[in-house]
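Please open the structure in your viewer and keep the sequence panel visible. This tour proceeds by selections, each followed by a short account of what is found there.

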Amino acid sequence: MGQLRANGKEVEHEAPAEKEGNIIVINTCGFIDNAKAESVNMILEYADKKDRGLVDKVFVTGCLSERYRPDLEKEIPNVDQYFGTTELPQLLKALGADYKHELLGERLTTTPKNYAYLKIAEGCDRPCSFCAIPLMRGSHVSQPIEKLVKEAQGLAKNGVKELILIAQDLTYYGLDLYKKRNLAELLEELAKVEGIEWIRLHYAYPTGFPMDVLELMKREPKICNYIDIPLQHISDSILKSMRRGTTQAKTTQLLKDFRAAVPGMAIRTTLIVGYPGETQEDFEILKDFVQEMKFDRMGCFAYSHEENTHAYLLEDNVPDDVKQARANEIMELQSQISWDLNQEKVGKVFRCIIDRKEGAHFVGRTEFDSPDVDNEVLIDASKHYVKTGEFVNIKIIEATEFDLYGEPA
């Protein structure tokens, strides 16, 4: 979007129908069945609009077209062109724009102005059996620290106060460039950027986690006491088949070390149920672990059998209804844990960032919550006024499983 704007093109992100452009670019995901279905439906919708003369051209880019381009070209031929994940210059050329190298790090963000995602690496070198990301995104490539600092400075200049660090694997950051895990040094440099007040870590792989990051998290107020560490499962036999390179004992110790190093940190995780060969006993082990660990935040997914992955060689032998029932059971358990943890917050004051006004409420978040996936703090707009994009101290007056209600302190 930044490149197109610099070429004098008008660009809208997910525009309402009356503002829709005459050229549509669809950025797809090809990770699991649900994401693929959503992407395909979007392509079909706009291919149909093109047939009806409502738009002139439709281009498709991203992971789905990286992974399934020949199939898509055959099945949905009236898309003008399909592009893979590394073909930005070619896509821009097709849109009549030049790729400007000097714009590296210049962006148009599609999030509210106070936060932005900062991608610190692309691709993944892990061998997880269930995952198609290396097929679509290739090997792990870290972005240099100075480039990321420059991008962060540009974002801060535009009013961004919170950086959400993402990669397919944060834990591996720097190994390719600096021959060592270098996440802590990157965080130190980003924390110096004026205007940035929160830095949040997403998608850290549990094996080989750089523990110096925890020391930094404890002493550097800008780094949120929050980590998203996808564990996927905990039964040793499933972890082995998943090729996760860890065990239940090691994972449990790692989480205990996290909590000892940074008391009160929020830990988010994601789990997969219904992986090939998952027995009722494996599932019970997972449930006991969830009950014992009391994660602050959690997502749970039914296993998706992805072609060309290592696990695709295994028989997808857990029936869909059992997968779904197990996912529901884990989330039921989590909602009780979340309810209990949220009740402990009532009466306390938290520094919150206000993301938006929605209906009758201003909607904010504590440092323990990431946008779109975690708890929100709701402030009654008929009684209180708070400024969006700003930090405010909020006293929590009530809590449900996944929402907090508060008023300015």
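The stops below go from annotated cysteines to two further residues, then to empty spaces and a domain.

This is a predicted model, in which local features need pLDDT of at least 70, side-chain atom pairs count only at pLDDT 80 or more, and totals for chains, interfaces and linings use all residues. Residues are numbered from 1 along each chain as its sequence is written, and side-chain values use heavy atoms, with hydrogens and water left out.

**Stop 1: the annotated cysteines**

Select Cys-124, Cys-128 and Cys-131, which an unreviewed UniProt entry annotates as "binding site". UniProt positions are given in the numbering used here, feature names are shortened, and annotations may be inferred rather than shown by experiment.

Begin with Cys-124, in the loop between strand 5 (121-122) and helix 5 (133-137). Helices (H or I, at least four residues) and strands (E, at least two) are DSSP runs, numbered from the N terminus. Is Cys-124 buried or exposed? Cys-124 counts as buried because its relative accessibility is 13%; buried means under 20% relative accessible area, exposed over 50%, and partly exposed in between (1.4 Å probe, protein chains only). Leaving aside neighbours within four places in sequence, Cys-124 has contacts that include Ile-133, His-140 and Asp-169, where contact means heavy atoms within 4.5 Å.

Move next to Cys-131, in the loop between strand 5 and helix 5. Cys-131 is buried, with a relative accessible area of 18%. Not counting residues up to four places away in sequence, Cys-131 touches Phe-31 and Thr-309.

**Stop 2: Thr-171**

Select Thr-171, in the loop between strand 7 (162-166) and helix 7 (175-178). Thr-171 counts as buried, at 0% relative accessibility. Display its side chain: a polar atom there lies 2.6 Å from the backbone oxygen of Tyr-205. Beyond four places in sequence, the residues that Thr-171 touches include Arg-126, Arg-181 and Phe-209.

**Stop 3: Tyr-226**

Tyr-226 lies in strand 9 (residues 223-228) and counts as buried at 0% relative accessibility. Which residue shares a side-chain polar contact of 2.6 Å with Tyr-226? The partner is Asp-374; a polar contact is a pair of N or O atoms within 3.5 Å, and within protein one must be able to donate a hydrogen and the other to accept it, while residues adjacent in sequence count only if both atoms are side-chain atoms. Not counting residues up to four places away in sequence, Tyr-226 also touches Phe-368, among others.

**Stop 4: a pocket and a cavity**

Phe-368 appears again in the lining of the second largest pocket, together with residues including Arg-259, Lys-294 and Glu-344. On a 1 Å grid over the protein atoms alone, a pocket is an open set of points with protein on both sides within 12 Å along at least five of seven lines, whereas a cavity is a set where a 1.4 Å probe fits but cannot get out; lining residues have an atom within 4 Å of a point. The second largest pocket has a volume of about 290 Å³, a volume being the space filled by probe spheres set on the points, which are joined across faces, edges and corners.

Now select Pro-206, Leu-231, His-233, Leu-239, Arg-244, Thr-246 and Thr-251, which line the largest cavity. Its volume is about 30 Å³.

**Stop 5: the TRAM domain**

Finally, select residues 343-409, listed by UniProt (unreviewed entry) as "domain: TRAM". Over residues 343-409 the chain is 1% helix and 52% strand, and the end C-alpha atoms are 18 Å apart.
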